[in-house]
Amino acid sequence: MKRVLFDDAEIAEHGDFNAIGENSQRALDAVINDAIGYPAHWAAFTVAQKSAQEVTISAGRYVTREKIFGQDASFDLNLQIYIPIISNDERWVALVLRGEEVTVNSARNFETSEDPETSVVVNRQTPKTIERRVNVVVQQGNATPAPALKPVIAETDAVIAMVLLRSTGVTLIEPGEGWRVKSLYEVEGRVTALEINLDSLFRRTTSIETDIANIASRLSDIPNPTIIRQMQRDIGATRRILALPDEQRAYVFDAGLTYDIWDTAHASWLARVREGIRFSYANESIQQLTVLNEDDPKIMIKAGRRMVPAYDEALRIANIGTDATLNISQQVHTVVTATERTVSRTAIRYGTVKKVCTNSRYWAQVTAGLRVGEMFTLDGEEFLLVTKHGEVTGQHTNKWRYVRQVIREEWTETYWDYETSDVGVNGSVYGQTFLVSQPMVMTSIELNFATVGAAGDVHLFVCETNASGMPVFDKVLGHVTVARNSLVVGWNRFELPLTLLESGKRYAFFTVTTGNHAVYATTGNKFTGGSRFYATDGAWAQGDATSDIAFRLYGARFRDVRTVVPFNNLTLENGMTDLEFVMKAWAPGGTALEWEIKPSGATEWTTLEEHPDLGTHPLVGLPALVELRLVMVGTVDLAPMVILDTALRGRCGRHRGNMVAVSDNIAFGLSTTTIVTQFTVDAFNPAEHTFTPKLMVGATVLTAEATVVEIDPDEPERRTFTSTFELGAAATGARMRPEMTASNVVSVPFIQDCFIAAL
């Protein structure tokens, strides 16, 4: 610190007088900086509303650590230009202080000469005072519908007030208490209040230390809460496998495969369940797929609208001979109910966000041993695949191929029992089994008739056999009826629907008729690939080792190994991110059914395959139209097949940017004030996605007190969100209410599984 000295006889210079003010100001600045040290704070300012557009700011001071700036008089500030124009909008503005040093001039008399007798006094302006002044700057936020967000304030700024503006003018003034300088009197009052409680705190601390020591001695007896949650989650999953009764439990686990615990009728529901809890579609359409040109010579559409590449018929299996004749109506007539099986379904899901989902392993839990075709649910049509009691062959095992952006779901069994049709016929039942050594697509069977009766149509069925080689009448793969008037003595053609026969399996054909017809047969075991049989009750077949029915079985010999079939375009208003195809089809080993698309504006066709780089994905630009074609790849003897019926459909969808899922009210069977939830979220990108775990107790929506996020070390895009909720008032049940948002609908996350437990 400094001060200026003067002597009686000294001639003072003007710099000495300037030093007096500079030293004083510097000393005060040092005290402000060292002892007070408020950075960007204010004192004494008040802000009051003067009119709808103006506020009045009183005199005050602005402290910036080592300097103090002052406002000596109140002034008015007009906020007219910041008032929102739209009636429903509002805007927060911050009144931010700025400091500046200003040099103020004043008029003073000056001598014009050193000689006092000749000097003339001149009056002129000269810098006289250096003032530290305060300016008020308005920092505005965005004008939005209520509630508007306040502007973000820099750490180096001080705000004296936040002012809420609506179209009517100034609505609310909030003082910037966080930036106000606290006086010593205020600080001293707080310290006194603290000192009053110190004695009691010391006493309670001593008691707490004793209690902690006792607790520490028992810590090893207390299970880790994480272990308890893991046990609850595992037990919840195990209960699903064991199909235990749905009694009240303090914990519930859901694999996100079905709608069992989800309340889709809730007003807040905005999601869908499809191997995970996913974003619903903002727009979707389901369109029947049709071939653009059914007369295309490269394809053939046969009975039952079964489409295959063009083919010629070739003889595959034959037993030719006229050793004996067999009357195929000599048995007692019986009513035969043949159950015809349908071609199994195939579903292909393709899009920008398809991803491997490990929750598919929980299907056994939700179905207790049966596989529910939830994946094939489309346009209100659901499929249930079951294994018939007592059957040995033809076990229905589903096959999933999950890769990013492409999910194929199909059944390894070509034919299944869902959507069967019963065919009731009356007459004698004669038939022949045969072994298929090479896979083929059967087209027809010819029988050599020795005699043709006066009446009676002939029904011919092809069916599967069981492990002992006996025909199974309720597993018919195809049938055809030839009217009596079309029968001739000699070879008669029975053209069947295209039927896939797999290698190494034994099949059978049988006739049912009431007519007095006879066919030729061979004797002496000339045909070693099967046995003749007849049935008397429509269920049990009796083999005959003395002869075999003469027959010729034809299969397709395809002309091309690669056939491209154009289909109708798929469209969706405002663009699509997902495609799904559901069809009745088969694709034997060595063959393939591949859909190709060409989005509007594209120049090349793209197969439905994985695109590791999202930027190259054909649907990333949200095309509103895609051209579609089917590529059928096969061999000369085998080719894929698609049935062109109403079940051949395509779904286009575009995701929403937000998701809300609401579960049913989960009753815990006890009263609790603390609840823990755990959600496994996949395909999560924190730069584009948000996930907020919430609960509903009654109509009240609760946010988690704390959430711990764990990243899967094997899958960085998979995260586990474990949240703790403190309810305040005890409750006996709650709803899970997870929320997610995505800034880009091309890439959205999904909930793989979830868990809730009451503590």
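## Patches, bridges and a few contacts

Let's start on the surface: I227, I228, M231 and I235 together make a nonpolar patch of about 320 Å². Keep in mind that this is a predicted model. M231, one of the patch residues, sits in helix α3, which covers residues 225-242. With a relative accessible area of 44%, M231 comes out as partly exposed; that value is over 30%, the cut-off for patch residues, so M231 can be counted in the patch.

There's a charged patch too. D7, D8, E10 and E13 form a negative surface patch. E13 belongs to the segment before α1 (14-36). How accessible is E13, buried or exposed? Its relative accessible area is 56%, so E13 is exposed, since anything over 50% falls in that class.

Now for the salt bridges. A search of the whole structure turns up 32 of them. Three of these pairs are set out here, with the distance given from N to O.

| Acidic residue | Basic residue | N to O distance |
|---|---|---|
| E284 | R651 | 2.9 Å |
| D312 | R559 | 3.0 Å |
| E313 | R493 | 2.8 Å |

Take the E284 and R651 salt bridge, at 2.9 Å. This pair links distant parts of the chain, 367 residues apart, with E284 in strand β15 (residues 281-288) and R651 in strand β43 (residues 649-655). The two ends sit in different accessibility classes: E284 is partly exposed at 39% relative accessibility, whereas R651 is buried at 12%.

Next up is the bridge from D312 to R559, whose closest N and O atoms are 3.0 Å apart. D312 lies in strand β18 (residues 311-319) and R559 in the loop between β36 (551-558) and β37 (562-571), so this salt bridge ties together parts that are 247 residues apart in sequence. D312 is partly exposed, with a relative accessible area of 40%, and R559 is also partly exposed, at 46%.

Strand β18 shows up again with E313, whose side chain meets that of R493 in a salt bridge of 2.8 Å. Where does R493 sit? It is in strand β30, while E313 is in strand β18, and the two residues are 180 apart along the chain. Both ends are partly exposed: E313 has 33% relative accessibility and R493 has 35%.

Some bridges share partners, and in this way R274, E284, E580 and R651 are joined into one network. The E284 and R651 pair from the table is therefore part of that network.

Strand β30 has another residue to look at. N492 lies in this strand, which runs over residues 490-501. At 4% relative accessibility, N492 counts as buried, because buried means under 20%. What does the side chain of N492 reach? One of its polar atoms is 2.6 Å from the backbone oxygen of V488.

Finally, have a look at P151, in the loop between β9 (144-145) and β10 (159-166). Although it is a loop residue, P151 is buried, at 12% relative accessibility. The C-alpha atom of P151 is 7.0 Å from that of A94, and the two residues are 57 residues apart along the chain.

Conventions
Residues numbered from 1 in each chain as written. Predicted model: local features only at pLDDT ≥ 70, side-chain atom pairs only at ≥ 80, totals over all residues. Heavy atoms only, no water. Patch = residues over 30% accessible without salt bridge, like charges linked within 9 Å, V, L, I, M, F, W, Y side chains within 5 Å. Areas by Shrake-Rupley, 256 points an atom, 1.4 Å probe, with all protein chains shown as cover. Salt bridge = Lys/Arg side-chain N within 4 Å of Asp/Glu carboxyl O. Helix = DSSP H or I, 4+ residues; strand = E, 2+ residues; numbered from the N terminus. Buried < 20%, exposed > 50% of the residue type's maximum accessible area, 1.4 Å probe, protein only. Lys, Arg positive; Asp, Glu negative; His and termini not counted. Charge placed at Lys NZ, Arg CZ, Asp CG, Glu CD. Polar contact = N/O pair within 3.5 Å; in protein donor to acceptor, adjacent residues only side chain to side chain.
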